[in-house]
Structures are given as C-alpha cells and as structure tokens.
Amino acid sequence: MHEEIIMAGFGGQGVMSMGQLLAYAGMLEDKEVSWLPSYGPEMRGGTANCSVIVSDDLVASPIVTDATAAIIMNKPSLGKFQDVVIPGGSLFVNSSLVDEKCGREDIDIYYIPANDVADEIGNSRVANMVMLGAYIKKTDIVTPDSVINSLKEVLGPSKAHLIPINEEALKKGAEFI
Amino acid sequence: MAKVLMKGNEAIAEAAIQAGCRYFFGYPITPQNEIPAYMAKKLPKIGGTFIQAESEVSAINMVYGASGAGARVMTSSSSPGISLKQEGISYIAGAELPCMIVNIVRGGPGLGSIQPAQSDYFQATKGGGHGDYHMVVLAPATLQEAVNLVMEGFDIADQYRNPVMLLGDGMLGQMMEPVEFSAYEGRDLPPKTWATTGYDGSRQRNIINSLYIDPKALEEHVQKIYEKYKAIERDEVKVECYNCEGAEIIVAAYGTTSRIVKKVISMAKAEGIDVGLIRPITLWPFPYSTFSEWADREHVKAFLSVEMSMGQMVEDVRLGVDGKRPVYFYGRTGGMVPHPDAILEEIKRIRGDV
C-alpha cells in the first residue's frame, strides 16, 4: 500500500488540517507517513495545498509528483491539480464550489457536494471531513476510527463536543462512494 | 516514548530543550518561525529564557554571552538572517564557545525567496565569517535524524568548544513526520572550567576573548584550534552509503535532496539502472575518503552531485573523487526543487557519456 495525495483549496477550508489528520491516522496505524504543506505568503481566502504520503514502506521524498489521489476543494485547484493524478488514480471534487467537470477518462472521479452536506448536518466547516470520509472509504487507507482518534488528540478535551459532527461528516462522505 | 507527528521546526526546538538547552535568542524570519515560537512558549515554563532580540546581530551576541557563562544555548534563523550573524559566529569560533546555530535555508542571494534551498553550503562549510575557523555542520534528511543530530550536536559543541550548525531547508522545517524522543544517552563531557561564572578567588580568572593583538600569540591560538579540527575530522564524520554496491553511477546529495534521490534510485532500478547514493550527514567534516574509496571501485563509472544550488557541494565531491572518475552536477536553485524525472534524465545522459 502506497498512497500519495494532494489536497487543495482556499485557505480556511481546512485543507491543511485534513492532511494532518490523515497523516496522524496513518501514524496511529503504524504506517509510514509524511505531510508537506505549500507555504508562502498565504492567508485566509488564498490558495493552499498539502501533500500527504501514507505507505507501508519508508517515505523517500515527501514531495508528491505522481498523486494516487487528489481532493479538490475549490475551482482554481481543479485546473492546477487534475493532471497530477496518475492513470487509475482517483479525484474527489467538491461540487458545491466547483461547477466544472474533469474531462479525464483514465481516473475515477467523484463529485461530492461537500459544503451542502456539511450545511445539512449543521456546520459548514466540516466540508473537509465529508471529502476525507469519501477518500478513506474509496481507498481503505485508514479507518474512520483512526481519523476520529487523531481528531480527539488534536482537538483536546475542551473541543470534544465537536467529535460527533465530524464523525457524521466522515459517514456522509463515505455514502458517495 | 511513543511517536508524535510534528513539524520539522518544532521537532528541532523540542530536541534542543530535551538536550538541556535553556536559552534561545532569535529574530523572526520565514521559514523557521516555528522554532522561536516553540521556544517562546516552552522555555519560560521550564526555567529557561527566550528573548526576541532587536536583530540577528544582537541575538548571536547574546548567544556568545550565554555560552561564555557556560549555558547550553541556541539561535536559529534562515539564510539572510544567518548572513547577519556571521560576525558573531566568527567571534564565537575565535573565543572557542560551544553553541547550536540552526539555518533553515531559503533561496538566495539577497532577500531571495522563502522556498527551500541549499545555496548556503559554502557559507556554512567554508567560513561565512572572517578568519581561520570551521563550524561542525550537520545536515539531517529526516525529522527523526534532525532530532538526533540536534541532541548530539550540543554534545559535539561542548566537547570541542566550537559552534555547531544544523543546516536544514524550508521543506525540512515545514513538513510533518513522526518522530520519537528517546532519552539521549549523551557523551562524557569535561566540566566547563573555562566558563565565566563569577570570580570568587577559588580559581584563576577566566577570560573569554577573541582578540589576540600579538600576531605570534594569535597564530598559536589558531594552531591550537586547528589541532581540535584535526580531531573532529578524524572522529566526527558521518555519512550514509545507500545502494552503492554494484552501482554504475553514484549520486551525492544531502538533506531533503537526498530523499528525492532515493526515489530516483528506485525509479532507475525499475529500468535496470543501478544508482547509488552517498549522503554526507556532516558537511564539515566532509566524508572525502568515502568518495575516494567508491571512486576506486571498478563498477562506479561516474559521480553526480544533486543540489538545490548552482553547484556548491560538488566542489567537495571533486576533492574526494580526486580526478579518478568524472564528476557531474545537476541542480535547481532559488527555491525550486529538483524533479525526480529530471534527475533520472540526467543520470541517463551521463550513462551515455561514460
């Protein structure tokens, strides 16, 4: 098992934290992981992306050049990253914010209205977890339990009340696969 | 202790604290800001001191002072900030003071970019400041190695009374990877009888100084320091040889670039090309003899230095190979990171040549 994922969107959409949670969950399952952010003069509303590798083998380069999957949270990111996915890989598009379609026929493409789903369950900020739920369902790379356990570690006891809605978001996302 | 997922900069800061560093003086600059931020948060809680100085020059001279008083002390910055520290580093080397200096390198020259680079190799290994001196320069490739080298680096600094530099880059500082902080055994270190801890008549006065106005005295002082460097060159070289046995071409790369090269090695293997990697972990002292020994092997046809610079370490690779095999160079600079495909392409081109 060797997964190289690019996650991209606007700053503030939880792109970085989605990547960190996946890396954290992989580590909890004793897999080799790395997380690499794009960094620069970025801010809320600007573009942000990160690369995550989850593997059975030691991670050589943390830079993702041939992605097995990409999670696209906004429109500019679709143009930028749809071609990075290798044939046979998968693309997850947040169709709430991206009205374009990807023309590639050599990859699996999932259109998930993540913001609408997140709004339905009561918090638009869990749109990233809807996408992550779909991604881990498709790839089986880590279990939803590991993601939730990571989230508990990251949020700490003071924000434990946010766990159920995140769990719900992961489940809703998985239903799109 | 269990593994934790940490950012490189934070892992470096935590490793310093666990190695007993209680004093940190710095000035903000991307992409290393998480180091001072971490120190600012943690040090006051454990009886240490964090000061954001008014400039890099001020920060490095605070390091001089704290080290002179016998403390374990660190500063960190990124390329332009490290340039500002050079005067202080030369004084620290001249006064034989131990300390840890972290450079999370970004693109240069000038204010440059904030993306990862390795274009401070010359500055780190060949001086930077004025005068005859060397720093021990440690170049980790993974966050776990960064943690281990920070801890050992403080001991190396104390053992030889010399500044040690940890040379990373923006990628190493910003990425996250699992790290484990196991208790560091530590070296047997002599007590710091030279430190200026307050004169009470019970010992000779200690003077910390780098001014030797009599040239004969200065020459003797520098020669004494160079005896120390001989011992460091003999005992402290660290290098990793990866897949070199049977390799046609050996790539030289350090830090994050070496990780990209490891990916290239597996890509090359899939196409039936045997490529090895010599990864200097200490950039000074440089593993010259390792290169010399592999250059003597029949199966090795050429060397290729891959760097995020216009070609700096390649000069040391040539000194090591000593004309026995051709030495090529491939690099990207300014904050651009070499692509594995481009490195593989270069390897194939060299194969056609030799």
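Me: What radius of gyration does chain B have, with its 354 residues?
Reply: This is a predicted model. A compact globule with 354 residues would have a radius of gyration near 20 Å. The value for chain B agrees with that; it is 21 Å.

Me: What share of the residues of chain B count as buried?
Reply: The C-alpha atoms of chain B fill a box of roughly 70 × 50 × 40 Å along the principal axes. A residue is buried here if 20 or more other C-beta atoms lie within 10 Å of its own. Of the 354 residues of chain B, the share that counts as buried is 52%.

Me: Which strands stand at the edges of the open sheet in chain B?
Reply: The secondary structure of chain B comes to 12 helices and 14 strands. The open sheet has 5 strands with mixed pairing, in the order S9-S11-S10-S13-S14. Two of these strands have a single partner strand each, so one side of each is left without a neighbour in the sheet. They are S9 (239-242) and S14 (327-331) of chain B.

Me: Which residue of S11(B) does Ile250(B) stand opposite?
Reply: Strands S10 (residues 249-252) and S11 (residues 275-280) of chain B pair in the parallel sense over 4 bridges. In S11(B), the residue opposite Ile250(B) is Gly276(B).

Me: Which helix lies across S10, S11, S13 and S14 of chain B?
Reply: Helix H10 (residues 288-295) of chain B lies across S9, S10 and S11, running at about 160° to S11(B). The helix asked for covers residues 340-353 and runs at about 155° to S13(B). It is H12 of chain B.

Conventions
Residues numbered from 1 in each chain as written. Chains lettered and ligands numbered in written order. Predicted model: local features only at pLDDT ≥ 70, side-chain atom pairs only at ≥ 80, totals over all residues. Pairing = 2+ DSSP bridges. Helix = DSSP H or I, 4+ residues; strand = E, 2+ residues; numbered from the N terminus. Contact = placed C-beta atoms within 7 Å. Axes fitted to C-alpha atoms, helices over the stretch in contact; angles between N-to-C directions. Rg over C-alpha atoms; globule rule 2.2 N^0.38 Å. Buried ≥ 20, exposed ≤ 12 C-beta atoms within 10 Å, placed from the backbone.
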